[in-house]
Amino acid sequence: MNGEYEEFLRGNEWRRFAADFKKLNNNECGLCKSSKQLDVHHISYNPDNLMDKQNVICLCRRCHANTHRMLNQYQETFPSPNFVKFDELDRLVIDCFANFY
């Protein structure tokens, strides 16, 4: 992640948005339904969509870490950015995990 994104995540506007989004989703992980250690994960890191409810999902820390691990493995295996767009890949990974729960 870049410094601007990290700064954005520390901002009050994002913190309010994330807290409201968690409540909207019953304070549970969108994959395993855990209510512990929730994060709000961005599907696309496009700066124009960071506050879009269609661009985020509530994930517990375990599912969030697994999602990023799968994304990183994919990027190492297929480094070409034209193979699959990152946000499309992110949705595929999340759908894949959802099938396990």
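**Notebook: a four-helix, two-strand chain**

I started with the secondary structure, and the protein chain comes to four helices and two strands. I kept in mind throughout that this is a predicted model. Reading along the sequence, I wrote down the pattern α-α-β-β-α-α.

**Entry: the chain as a whole**

I looked up burial next: of the 101 residues in the protein chain, 32% are buried. For the surface, I noted about 6800 Å² exposed, with carbon and sulfur atoms supplying 48% of that area. Then I turned to contacts. Taking those with a separation of 6 or more, I found that 57% join residues 24 or more positions apart.

**Entry: helix 2**

I picked helix 2 for a longer look; its 13 residues are 12-24. From first C-alpha to last, helix 2 reaches 18 Å, and that is close to the 18 Å expected at 1.5 Å a residue.

Which residues of helix 2 are buried? I listed W14, F17, A18 and F21. Looking down the axis of helix 2, I saw that these buried residues fall within an arc of 95°, so they line one face of the helix. On the other side of helix 2 I noted N12, R16 and K23, which are exposed.

I also wanted to know what covers the buried residues of helix 2. The cover includes helix 1 (3-10), along with strand 1 and strand 2 (56-60).

One backbone detail went into the margin: N26 follows helix 2, and its phi is positive, near 60°.

**Entry: the salt bridge**

How many salt bridges does the count come to? I got one. The partners are D39 and R61, and their closest N and O atoms are 2.8 Å apart. I placed D39 in strand 1 (residues 38-42) and R61 in helix 3 (residues 61-77), so the pair ties together parts that are 22 residues apart in sequence.

I then checked each partner: buried or exposed? D39 has 16% relative accessibility, and because the cut-off for buried is under 20%, D39 counts as buried. R61, at 44% relative accessibility, counts as partly exposed.

**Entry: putting it side by side**

Strand 1 turned up twice in my notes, so I end there: strand 1 helps cover the buried residues of helix 2, and strand 1 also holds D39, the residue paired with R61 of helix 3.

Technical notes: Residues numbered from 1 in each chain as written. Predicted model: local features only at pLDDT ≥ 70, side-chain atom pairs only at ≥ 80, totals over all residues. Heavy atoms only, no water. Salt bridge = Lys/Arg side-chain N within 4 Å of Asp/Glu carboxyl O. Buried < 20%, exposed > 50% of the residue type's maximum accessible area, 1.4 Å probe, protein only. Contact = heavy atoms within 4.5 Å. Areas by Shrake-Rupley, 256 points an atom, 1.4 Å probe, with all protein chains shown as cover. Expected span 1.5 Å × (residues − 1). Arc of directions from axis to C-beta.
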